[in-house]
Structure formats: structure tokens, C-alpha cells
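I opened a notebook for this structure today and wanted to record, step by step, what I looked up. The entries follow the order in which I turned to each part.

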Amino acid sequence: MCDLLNRIWSRPRGEWTRVLRKELPALAEKVTEELRSGFPAFAALLAETGAVEEARRAVEQAMLVALGYQEKAERVRRPKDLVVTPLPTAPARREIFAALTGAKDVSDVALAEVARCVGWPVPARVQAVALASPAEAPQLAAALGDALIGTVDGDTCLLVPDPGTQTRARLEAALKGRAAAVGHAVPAGDTASSLRWARALLALSPGRGGPDTRPAFVDDHLSALLLLQDESLATALSARWLSPLDDLTPRQSERLEVTLLAWLEGGGAPEAARVLQVHPQTVRYRLRQIEKLFGPALRDPRTRFELEMALRSRRLMAHVRRYRSRAGRRARAVASTIRPLGMAREARVNGL
């Protein structure tokens, strides 16, 4: 535009209109091509509707208005059979969901343009929510700040924009009564991570909702999810540190494991006794048995740390095995007798 103005003003005033009429169409075409190149959604819309020439004429008229040769741009006449439709919202939102979760490779420029066109600008941070049931997903999405809805391997999931505006109390209120898991808040570029751990936690939670059901939050189970991310390593850890218990009966091993973990977490026999709801002398008796099995290594801080990790891993894996066994028989519908992470006595023993 600046070059065009310089060429116009370098000519005598009587030639300004002639120069303008000669060069403006080429400039308008160049601007239109720049717009198509810079905004993929705009280019796709023009290609779909065949309105490239109409767009060029609209740009040309806008320039005439800017240069003062026309008071306002005239409405560009379109062929009667030409219908320009807006970008379909639902498919576009699914495209955004796929791009943010890594299911589809889309450039940042294209993603931002599609998001702008559907009125859902890509936020700085997001938080994933995995739902056990797709029921009322649109209503939940609306209640959680116009969240995106998508499906990942059969799980209905939401992407909550700007989680800082969605307090925990608000999330709990919206999701109350539904089996759901809420991922940790992450930058938009790490959306897949929040979604991954939300789905992992949902797999460890009851599959049925109810009036008293509350969502599980990844932030409350970080250590458990960390220990369970590689079951092979968790098994190796247990085998490495808990081998002194191998020659005991299952009942004896279970009793000493529970006692040792309660002692490691509580720091003493009285504290362990309160957690286990037994007499302190019972705990002291069991601790003497444990000391005979593990020896002076129990006095080493690193050993105690490794033992605690091994005990927690074993408990968590046992929980996962029970869940998978029952879920396999009931097609992911978990019986109410299975306790989720963080509840009742098992949770206190595991320290979750």
C-alpha cells in the first residue's frame, strides 16, 4: 500500500486516478493471497465456496475507502447459487481437541486461526477431565467455562480452559454424583499429559456414579500414579526390598507389611498402633520380627525410603489387580465393595 501511495503521489495530480485504477487490482490480489496464506481457515472457506474473486473485489473496495475514493465499500454481488456458510463449529472444536491432545498434527498458526473462528481461543493453560459416562457432557462443558468435548479410546473427556478461573469447589460441584477424574493444570502445549493422568486415575476409580460420588483429582494421587506408571519396575522394586518376607505365609507377610508401612509413615509404634487400631505392644512385637528379617538396614534412611516405596507399590498393584479382575467380569462396572484410592482403612495404610 505504501509503495502504491508513493507512486501515486509522485505523479501529477491529474494522473492519480489513472495510476490507481491501473495498479489497485494487482495490489488487492496480492493482499488476498497474503490473507489466504496467513489464515488457513480463511483459505479453506474461500476454496469451499468459490468466493476467491469476490474476496479480491471486497479487498479492492476496502482500499478505495481507505484512500478516500469511496465513502463506503459497496456490497459485493455474488452469484445466486453461491452460499457462504460459516466454519462448522462442532467439527472445528473436535479438530482443536485433537490438536491439543496430540491426536492430530496441526501447526500453531492453523490451530489459533481455527480456534478464533469458532470463538474458542487457545488458552494459556488447560485442565483435562475424564468422565466414566458421556451423559450430560455438553451441560458439564458449559458449566466448566465452555470446555471442549472429545473422545479418547472410548473415554469422554473435557478440556477446561483457564483452570485458574475454575476453583476446586466449582469443579467438585459440577461433577458431583458422577464418576470422573480431574487432571492437573498444565500449559496448553502439555494438554496430553493432563489427559493421560486423568484417564489413568479414572481407571483406578469406581465406574458408577451416585449421589455421594465425588471426582478424583490427580493432584491428590501424584505419588500413587508415579509409582504405577511402570508396573514392571514397581514389581522389581518390591522383589528387591521385600524378599525377606518371601518365606512367610501370606497371612504373616500381610500382617508384617501393614505394620512396617504404618511404622515407616508414622515414625513410631504408638502412631502405627493408632493407624492399625491395635495395641502398641502388638506393634512392638511385630517390629521385633521385622527387625530379625531385615536386620540393621532398617536404620538406614535410604533403605527405609526404598522400603516404603516398595510397600506402597505392592499395595497399589494389588488394588489394580482386584479392580481389573472385577472390571473384566462386569465390563468396567466396578462393584461398590471396591474402595477407590484414598478411602477407608486401606487408604490410611497406604498413606494416600
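**Entry 1: a proline in a loop.** I began with Pro244, which lies in the loop between helix 11 (231-241) and helix 12. I noted Pro244 as partly exposed, with a relative accessible area of 25%. I then looked up its partners and, leaving aside neighbours within four places in sequence, found Pro244 in contact with Leu293 and Phe294. Pro244 and Phe294 are 50 residues apart in sequence, yet their C-alpha atoms are 6.6 Å apart in space.

**Entry 2: what kind of model this is.** Before going on I noted that this is a predicted model, with a mean pLDDT of 77 for the chain and 75% of its residues at 70 or more. Over residues 331-352 the pLDDT is below 50, although this stretch has 53 contacts in the model beyond near neighbours in sequence. I found another such stretch at residues 71-87, where pLDDT stays under 50 and the model has 27 contacts beyond four places in sequence. Where pLDDT is low, the predicted coordinates should not be read in detail, so I left the contacts of both stretches aside.

**Entry 3: the chain as a whole.** I counted 16 helices and six strands in the chain. Of its 352 residues, 42% count as buried, and the chain exposes about 19,900 Å², of which carbon and sulfur atoms supply 53%. I also checked how far along the sequence the contacts reach: among those between residues at least 6 apart, 67% join residues at least 24 apart.

**Entry 4: helix 12 against helix 14.** How do the axes of helix 12 and helix 14 cross? For residues 250-266 of helix 12 and residues 280-294 of helix 14, I found that the axes come within 10 Å and cross at roughly 100 degrees. That makes helix 12 roughly perpendicular to helix 14. On the side of helix 12, the residues that meet helix 14 are Arg255, Leu256, Thr259, Leu260 and Trp263. Their counterparts in helix 14 are Val283, Arg286, Leu287, Gln289, Ile290, Leu293 and Phe294.

**Entry 5: two residues of helix 12.** I looked up Leu260, which is found in helix 12, and asked whether Leu260 is buried or exposed. Leu260 is buried, because its relative accessible area is 1% and the cut-off for buried is under 20%. Leaving aside neighbours within four places in sequence, Leu260 is in contact with Ile290, Phe294, Leu298, Leu307 and Leu311. The C-alpha atoms of Leu260 and Leu287 are separated by 7.2 Å, with their positions 27 residues apart along the chain.

Glu257 is also found in helix 12, and Glu257 is buried, with a relative accessible area of 6%. Not counting residues up to four places away in sequence, Glu257 touches Leu245, Leu311, Arg314 and Arg315. I noted that the C-alpha atoms of Glu257 and Ile290, 33 residues apart along the chain, are separated by 9.0 Å.

**Entry 6: the nonpolar cores.** Which residues have the most contacts inside the largest nonpolar core? That core has 33 residues, and I recorded Ile96, Phe97, Leu100 and Leu148 as those with the most contacts inside it. Among the elements that give two or more residues to this core are helix 5 (89-100), helix 6 (108-117), strand 2 (148-152), strand 3 (155-161) and helix 15 (301-330). Apart from it lies another core, of 22 residues, and Leu260, Ala272, Leu298 and Leu311 are among them. In soluble globular proteins, nonpolar side chains tend to be buried together.

I followed Leu148 further and, not counting residues up to four places away in sequence, found that Leu148 touches Arg93, Ile96, Phe97, Leu100, Trp120, Cys157, Leu158 and Leu159. In helix 6 I noted Ala110, Leu111, Glu113 and Ala115 as buried.

**Entry 7: positive phi angles.** Just after helix 6, Gly119 takes a positive phi of about 75 degrees. Glu136 has a positive phi of about 60 degrees although it is not a glycine, and I placed Glu136 in the loop between strand 1 and helix 7 (137-143). Glu136 is partly exposed, with a relative accessible area of 42%. Asp146, not a glycine either, has a positive phi of about 60 degrees. I found Asp146 in the loop between helix 7 and strand 2, partly exposed, with a relative accessible area of 34%.

Definitions and conventions: Residues numbered from 1 in each chain as written. Predicted model: local features only at pLDDT ≥ 70, side-chain atom pairs only at ≥ 80, totals over all residues. Heavy atoms only, no water. Helix = DSSP H or I, 4+ residues; strand = E, 2+ residues; numbered from the N terminus. Buried < 20%, exposed > 50% of the residue type's maximum accessible area, 1.4 Å probe, protein only. Contact = heavy atoms within 4.5 Å. Areas by Shrake-Rupley, 256 points an atom, 1.4 Å probe, with all protein chains shown as cover. pLDDT = per-residue confidence, 0-100. Core = buried A, V, L, I, M, F, W, Y, C linked by side-chain atoms within 4.5 Å. Axes fitted to C-alpha atoms, helices over the stretch in contact; angles between N-to-C directions. Parallel < 35°, antiparallel > 145°, perpendicular 65-115°, else oblique.
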